[in-house]
Amino acid sequence: PADTRDGARVRSAPAPITDVARLCVCDLLVAQCDVNCCCDPDCSAEDFSLFTTCSVPVVTGDSQLCSQKAAVYSLDVEANPPERIFKLIDQVNPSIFCIHSTNYKQALYLKSPEIPTPENFDQLLEKFGGASFRAEPDSWDLDTDAQNSPEANETSRYEYGVPVQTEDAFLRLPSPVVTSWCSDANPAGFLVNQATKCIRSVSVEKCDSIQALSMLFFINSSILASVFQVNITVQSIVVQSVNGMRTSLSSSDVLRLPMVLDDLCINAVLGVNYHITHTDTGEIIEAAAAFVLGAISKEELSIEQSFEISFTQENTQPVPLSGNPGYVVGLPVRAGFQPQGYPSPAAFLSNKHSQLTILQSTSTQDCLAAQGARAPVLFGYNMISGCKLRITAAMKCQPLAQTLLDVLKGQSFPEYVASFGNSQAQDVLDWVLITQLHISEQMISHTLQSPCQIPVSLGIEVKWTKYGSLVNPQARIVNVTATITTTTLKQLPSGRERIIPITSSVVFTDISAPAEPSYKAWPTIDIKLPFDFFYPFV
């Protein structure tokens, strides 16, 4: 609106329509604190002190506005304990082509749809009955070149946490909300890998009419992309019998719909696994779903369904996770290194080299033959392995020491270990530097000639703690120490040989502090109450 001050017209900025301080795209859990979501209203100051980064540092409204408020979130890691910092700033769009005021009021509110009647049915059918239609007034003159420009496709490029939209609503990922029963109102967030399980009420007599038991319920809506829509293809179908035996079907082209057969509901959906492929600009280009179908007996009144979704960027290899967020016992400990010139640790993409490994024992127990054989370190599993080294007088010290070091540490021993099972390479605070120590033992030869130091053992200690809520604690690695033990070996006389054992070990130590009680001892008062203190009560 225009304002008149001192005889001059001054154009003031319009009042903001969206309160960015109340927006939070990473708030996915109901009444629970989302990890590293600095705008989650369910998180307390104690929760913020455990965060390692803000997954969504800036929250804004429409990026095409000339001026708007922006909510900026960050962490003060130097404070003790770390604190969340919130700022509300004025953000100015540097582009000269920006929206000063959103004066198209119809776009700001939900317009009640026109109810079909016998009088307007033919008109509505002609307008909305086709495969596509335009909701804008016919008087609008849209520029065709502008529609095909790169800026026109910005709305189809997703950002982290934004619900994946389909032609009717959003991509559903059923999950339990308050109870363990399935709720189909949970949207799948872009780049948010999720895995849920919930209980679904079923009836064999009506199984063919329950939408959530049909494959069509999960693939009949196309995902909105740029100038086209991405159909969800069926990647694979696995059929599970009543006794739990699973069989993979050779062909997934034919849809199997639920139906009643001999008091059984067959082809009922027991699990769905979505896999979304996207570009580096956030545009979805492929979507596939893998199904697990099963049979439901007449006695069953409910079933458990499992759902999962994962995202992969095109032309890249997916990095395997070992938990979400905390480590899962039995899964590999993820590791990586920090290349020169990179500000953050970068995990290897290969399954073999993105894990912390130790020497793998072989049947021959020969250290020189075991070079290159590695076994992944599994979280929570204490491990020990080894081999035997036969030393002769002809062996040179330095090549032998380097060979043993390669046997113990491998060709590329990592520098960092991921603190969580789903730590990303760009999150610097989610990676723990491996502390490397060297210890020398006594000499093990009885012939006094030129001494030589050779490594004989590698001991890895992984300290972890329980992180988050006491109801569902997550395993978090806080310290890793790799200790190389060397011994002094002296030259053997000609014709003599000696066998030395070489060992590797891994120990996991839980350093979680015991939970403090939620109450404190009441103080005692050493006084005598009056005889009528409780009058008139007994």
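## Overall make-up

The chain has five helices and 26 strands. The model is predicted. Of the 538 residues in the chain, 35% are buried.

Contacts can also be sorted by sequence distance. Among those with a separation of 6 or more, 63% join residues 24 or more positions apart.

## Largest nonpolar core

The largest nonpolar core holds 41 residues. Those with the most contacts inside this core are Val333, Leu356, Val417, Ile454, Ile460, Ile477 and Ile502. Several elements each supply at least two of its residues: helix α5 and the strands β19 (357-359), β21 (383-392), β22 (416-418), β23 (431-440), β24 (451-467), β25 (474-490) and β26 (497-510). Strand β24 gives the most, with seven residues.

Val417 is one of the residues with the most contacts inside this core. Leaving out residues up to four places away in sequence, Val417 touches Tyr327, Val333, Arg334, Ala335, Leu356, Asp430, Trp431, Val432, Ile434, Ile477 and Val480. Charged residues are included in that set: Arg334 and Asp430.

Another core lies apart from the largest one. This other core has 31 residues, including Ala212, Ile219, Val269 and Leu293.

## Helix α5

Helix α5 covers residues 397-409, which is 13 residues. From its first C-alpha to its last, α5 reaches 18 Å. That is close to the 18 Å expected at 1.5 Å a residue.

The buried residues of α5 are Leu400, Ala401, Leu404, Asp406, Val407, Leu408 and Lys409. Asp406 and Lys409 count as charged, yet both are on this buried list. Helix α5 is also among the elements that each supply at least two residues of the largest core. Gly410 follows the helix, with a positive phi near 85°.

## Cavity

How many cavities of 30 Å³ or more are there? The count comes to one. The largest cavity has a volume of about 70 Å³.

Its lining consists of Thr166, Asp168, Phe170, Leu171, Arg172, Phe217, Phe218, Ile219, Asn220, Ser221, Ile232 and Tyr274. By class, the lining has seven nonpolar, three polar and two charged residues. The charged ones are Asp168 and Arg172.

Which helix gives the most to this lining? Helix α4 (residues 216-219) does, with three residues. Ile219 has two roles here: it lines the largest cavity, and it belongs to the core of 31 residues.

Definitions and conventions:
Residues numbered from 1 in each chain as written. Predicted model: local features only at pLDDT ≥ 70, side-chain atom pairs only at ≥ 80, totals over all residues. Heavy atoms only, no water. Helix = DSSP H or I, 4+ residues; strand = E, 2+ residues; numbered from the N terminus. Expected span 1.5 Å × (residues − 1). Buried < 20%, exposed > 50% of the residue type's maximum accessible area, 1.4 Å probe, protein only. 1 Å grid on protein atoms, 1.4 Å probe; cavity = no way out; pocket = protein on both sides within 12 Å on 5 of 7 lines; lining within 4 Å. Points joined across faces, edges and corners; volume = space filled by probe spheres on them. Core = buried A, V, L, I, M, F, W, Y, C linked by side-chain atoms within 4.5 Å. Contact = heavy atoms within 4.5 Å.
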